[in-house]
Amino acid sequence: MTGNTVTRHSSHKIKHMNHLTEGQLRAHLDSELPEAEARHLAHCAACQAQLDALAAQRRHIAHQFAMLTARETVPSPEAAWQKFQTKYLVQEKTMPQKFWFRLRPVALGLTVLAALLFAFTFAPVQQAFSAFLGLFRVQQIAVVPLDLTGLQDMGGDESFGQRISQFFADSFTVTREPGEPQTAASAAEASQLAGFTVRTLAAENPTFQVSSGGAFEFVINRASAQAVLDELGRSDLQLPTDIDGARIRVDVPAGVMSAYGDCQASDEPEVEGRPRSRTLRNCVVLTQMPSPSVDVPPGVSLAELAEIGLQITGMTAEEARSFTQSIDWASTLVLPIPRNAVVNREVQVDGVTGQLLSHSEAEDSQGYYTILWTKDGILYALSGYTNSGVGLALANSLP
Amino acid sequence: MMTDRWRAREAGAASEPSAPFETVFITHWPRVYGVLVRLLGDAAEAEDLALETFWRLHQNPPRESTNLVGWLCRVALNLGYNAIRGLKRRHVYEEQAGLEALKQNIEPSPEQTLEQWQTQEQVRAVLREMPTREAQLLMLRHSGFAYKEIAAALNVAPSSIGTLLTRAEAEFERRWNRQVTRDE
């Protein structure tokens, strides 16, 4: 404490003297007090006594805090940097923005829908060498892990990115605009709005959002697509000539996204230093919708296109052919995932075989995950932030 | 894209040029992780939050980069505090599980380890209950941060650190004694 006290010295002169404050004394203990200020201590028994008391307190607390020192080895900065790149930077470059991880939970279900749309649009979803397969519905899901690191540099070339965007913009026509999502007060109301029976998890206080679905067409312009391949340095991959002008129609029915737990925090503006995602550990989002339909004109071999697409991402021609031949294209939705950021495995869920996408193969690992499956013509995606074991248990709680 | 923000900074578009992000990461990682692992006592959780801290730096770097470690520690401690408060219930469960594991002689010297573990939990329990700024101040100082760095992290004047530290330590002592008495 600061105080102007009066001290009587041996010279019998009366002299005013400023004691050091507690703050100054504490700073002295940490060697943070300027030397000029510390000189006073040498002549002041009162300050010295107070310093001793503060030193004892500091020693005691330092001892307690020393106990907190981790026994585990500190991960090396280089190893941590690798993890950072894998977890955030590679993902940011290779995935559609905020794809599987770092998702706002309320947007999570919609993102899954968007991902499905993405898959329907850009991934091989059907082999049409059998003319009768003009229309199919998803009955199962397959995942193809891809090493996308070779594509990272594409993101750095802005003009190339713009040309890609333009290519898709030129090729797309929305034939049924998706409406604004509607909020439903209950599963019954959501079922009525969506036109199918909405199932609910064994968890409390769900909120329901019904999206109206939509439809679009994609007309293949072979010359433009081949130009993109050429620009990628893959002129060795030649697109079939008979795909030019082919019109692919995709119809996505109304879907329902139900959120359980504290999922609303994500809508708050992010405040510096205040965690957002940490509050979402109990948020689980279940998205369900009838299987989308894809109409492909006879004669267009999407399997052949798939082989080309897989080779662009680094697969050999043999690997790509082997994969495309292993899939029942008549009924399978194929999701491409980045091998270095997402792991997948088959899981038994809701009485059927589904796909679990997550950071880690361990069921009890903490992190974001998505479980995908289809049952009775309905496509399900369950996403959460805790661990996939919890997600699986919840999915299996569906009535 | 967020990446461009740091790129812009590296190129000198911010108020001053910055080091490459990788250099900043490598330089400050040990201290950011160190503070978090002391606070949380969970290596995986600490690593997760330390990575998130750097991600926030990557997304929204501060205008001034004169004391990045201060900025990083402020973000890290905020994340850490919200985590330990939010995970309080989990800690109670883990406390039981941990005690059982130690009693079963899993560690090489169980008595010593048990005592250290109990002290760690008591320190964290006190920190959880303390006012955030005081707790953060103690964590930073007892992790070896200089007054200037602490001042930057907590947005206070360097000259006030000694006083704030004294108050925080007195508060810690008071709560510590109360908890020890309660535990006995």
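Okay, one bit of vocabulary before we start: when two helices cross, we call the crossing right-handed if the near helix is turned clockwise from the far one by less than a right angle. Keep that in mind while you look at this model, which is a predicted one.

So, chain B. Here H2(B) passes H3(B) in a right-handed crossing. Who makes the contact? From H2(B) we have, among them, Phe21(B), Phe25(B), Trp29(B) and Leu40(B). From H3(B), the list includes Ala43(B), Leu49(B), Phe54(B) and His58(B). Sort the residues of this contact by class and you get 13 nonpolar, two polar and two charged.

Now, how do people describe a pair like this? Two packed helices are described by the angle between their axes and the distance between the axes. For our pair, the axes of H2(B) and H3(B) come within 8 Å, and they cross at roughly 140 degrees. Angles over 145 would count as roughly antiparallel, and 65 to 115 as roughly perpendicular, so H2(B) and H3(B) are oblique to each other.

Next, the two chains together. In this model, 39 residues of chain B are in contact with 36 residues of chain A. And guess who's back: H2(B) gives the most to the side of chain B that touches chain A, with nine residues. That side has 19 nonpolar, 14 polar and six charged residues.

Last, a quick look at chain A. You'll find 12 helices and 17 strands in there. Chain A has 399 residues, and 35% of them count as buried. Take the contacts in chain A with a separation of 6 or more: 69% of those are between residues 24 or more positions apart.

How values were computed: Residues are numbered from 1 along each chain as its sequence is written. Chains are lettered from A and ligands numbered from 1 in the order in which they are written. This is a predicted model: local features need pLDDT of at least 70, side-chain atom pairs count only at pLDDT 80 or more; totals for chains, interfaces and linings use all residues. Two residues are in contact if their C-beta atoms, placed from the backbone, lie within 7 Å. Helices (H or I, at least four residues) and strands (E, at least two) are DSSP runs, numbered from the N terminus. Ala, Val, Leu, Ile, Met, Phe, Trp, Tyr, Cys and Pro count as nonpolar, Asp, Glu, Lys and Arg as charged, and the others, Gly among them, as polar. Axes are lines fitted to C-alpha atoms, for helices over the stretch in contact, and angles run from 0 to 180 degrees between N-to-C directions. Angles under 35 degrees count as roughly parallel, over 145 as roughly antiparallel, 65 to 115 as roughly perpendicular and the rest as oblique. A residue is buried if 20 or more other C-beta atoms lie within 10 Å of its own, exposed if 12 or fewer, and partly exposed in between; C-beta atoms are placed from the backbone.
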